[in-house]
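I set out to look up a few things in this model and to note them here in the order in which I took them. The pockets come before the helices in these entries.

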Amino acid sequence: MIRDAAWLFLELLVLFVGVSFALTLLRRRLGDDRLRTLMGSSPLRAALRGIAIGFITPFCTYSAIPVLVSFRQAGVSPAGYVAFIVAAPVLDPVLFGALAIIVGFPAAAIYLGVAFVAALALAMLAEKADLERFMKPLGTMGTSGGPDSGIMSAPWRGIRREWRPALRSSRALLRTMLPLLVVGVGIGMAITSFLPAETVARVPGLSGDAAIPAAAAVGTLFYINTEIFIPIADALRSSGIGIGAVAALTIAGAGANIPEFVILSRLTTRRILAVFGGYVFVVAMGGGALVQLFVA
C-alpha cells in the first residue's frame, strides 16, 4: 500500500506541476482576454467548450485542479470552468471504453449521455447562480514572481524568457495545494485498500431493490479511475449486481468523491461542495435507473 501510494503521489505531483506549467505558458502566450474569447462569448458556448476540453484531456480530478485555477484566474465564466471540472473525470474516453466492455455499449452510451447532460445542466446552473460569488478568493495562489504576479498582460517574451517564471508559478501553486493533495491521496488509497473490489460487491443493498441508490452512495467514497474501476465493475457483475448499479457507482465515483472534496475545499465553500455532492448523487441514481430500464 505504501509503495503504491508513493508512486501514485509522485505521478500526481508530476501531472500537477506539468499541467500548471503548460497552462501558465498558454495564458502568457494567448493572454487572458483571448483565452476568455476562445472559451466562448456566451455561457452555453463556454459550457460546451469546457465539456469538450474535459473530454479530450486525460485529466483526473487532481490534475484538473490547475486548469480550474487557471480558468478562474483568467476570468473564464463559471459555466466554462464548472463544465470542465465536472466533465474531465466523468467523460473519460478510456473509462467509457472499459464500461462498454464490461456492461455493453448501450449501457455505456446512456452513461455518456447522462454525464454530458448533467455536466451541461450543472454548468448552466452555476452561471445562473453566479457561482464565483461562492468561491474562495484565489489571492496569491500560484504566484511566486511569475506571470500571475502582475505581468500577465505584459507582451510575450519568448519561451526562453518565459519558462522559468512559469515554472516558479506552478511550484507556488503546488506548495499551496500540497497538504490537501497529500490528504486526498492518503484517503483515496486507504479506502481502496480497506474496501477492495470483492468487499464492495458484498456491500448490503447492492443486490437488492435499493441497489442503484446504494451503489451511488458507495461510489462517493471512491476516487474512480480506470485501474480501480475495472476490478470493481468485474466483481460487481460476477456477483450478479445489475448494470444499473454499476453505472450508478461509476457516475458517482468519477463525478464526486471524498478525495476530490478535500482538494476542492481549498477553492470553494462547504455549502457548494454539499450541493455538488448531492447533485452528482441524484444524477448517478438517474443514470443507473435509465440503464436498468432500457438495457437490463
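Entry on the pocket. I looked up the lining of the second largest pocket in this predicted model, and I found 21 residues there, with Val82, Leu122, Leu131, Ile272 and Phe276 lying nearest the centre of the pocket. I then asked which elements give two or more residues to this lining, and I noted helix 5, helix 7, helix 13 (258–264) and helix 14. Of the elements, helix 14 gives the most, with 5 residues. The space in this second largest pocket comes to about 420 Å³, and when I sorted its lining by class I had 19 nonpolar residues, 1 polar and 1 charged.

Entry on the cavities. How many cavities of 30 Å³ or more does a search of the whole structure find? I recorded 3, and for the largest cavity I wrote down about 90 Å³ of space. Its lining, as I listed it, is made up of Val86, Val90, Ala115, Ala118, Ala119, Ile251, Gly255, Tyr279, Val280 and Val283. The elements that give two or more residues to this lining are helix 5, helix 7, helix 12 (243–255) and helix 14 (270–294). By class I counted 9 nonpolar residues and 1 polar in the lining of the largest cavity, with no charged residue; since Gly counts as polar in this scheme, I take the polar one to be Gly255.

Entry on helix 3. I went next to helix 3, which runs over residues 43–56, and noted that its 14 residues reach 20 Å from the first C-alpha to the last, close to the 20 Å expected at 1.5 Å a residue. Which residues of helix 3 are buried? My list holds Ala46, Ala47, Gly50, Ile51 and Gly54, and they sit on the same side of helix 3, because they cover an arc of only 135° around the axis. The general rule I had in mind is that an α-helix has 3.6 residues a turn, so residues three or four places apart point the same way. As for what these buried residues of helix 3 pack against, I wrote down helix 2 (32–39), helix 5 (78–90) and helix 7 (105–128).

Entry on helix 10. I closed with helix 10, residues 211–219, which I recorded as mostly covered, with 7 of its 9 residues buried. The buried residues of helix 10 are Ala211, Ile212, Ala214, Ala215, Ala216, Val218 and Gly219.

Terms used. Residues are numbered from 1 along each chain as its sequence is written. This is a predicted model: local features need pLDDT of at least 70, side-chain atom pairs count only at pLDDT 80 or more; totals for chains, interfaces and linings use all residues. Side-chain values use heavy atoms; hydrogens and water are left out. Helices (H or I, at least four residues) and strands (E, at least two) are DSSP runs, numbered from the N terminus. The expected span of a helix is 1.5 Å times one less than its number of residues. Buried means under 20% relative accessible area, exposed over 50%, partly exposed in between (1.4 Å probe, protein chains only). The arc is that of the directions from the helix axis to the C-beta atoms. Contact means heavy atoms within 4.5 Å. On a 1 Å grid over the protein atoms alone, a cavity is a set of points where a 1.4 Å probe fits but cannot get out, and a pocket is an open set with protein on both sides within 12 Å along at least five of seven lines; lining residues have an atom within 4 Å of a point. Grid points are joined across faces, edges and corners, and a volume is the space filled by probe spheres set on the points.
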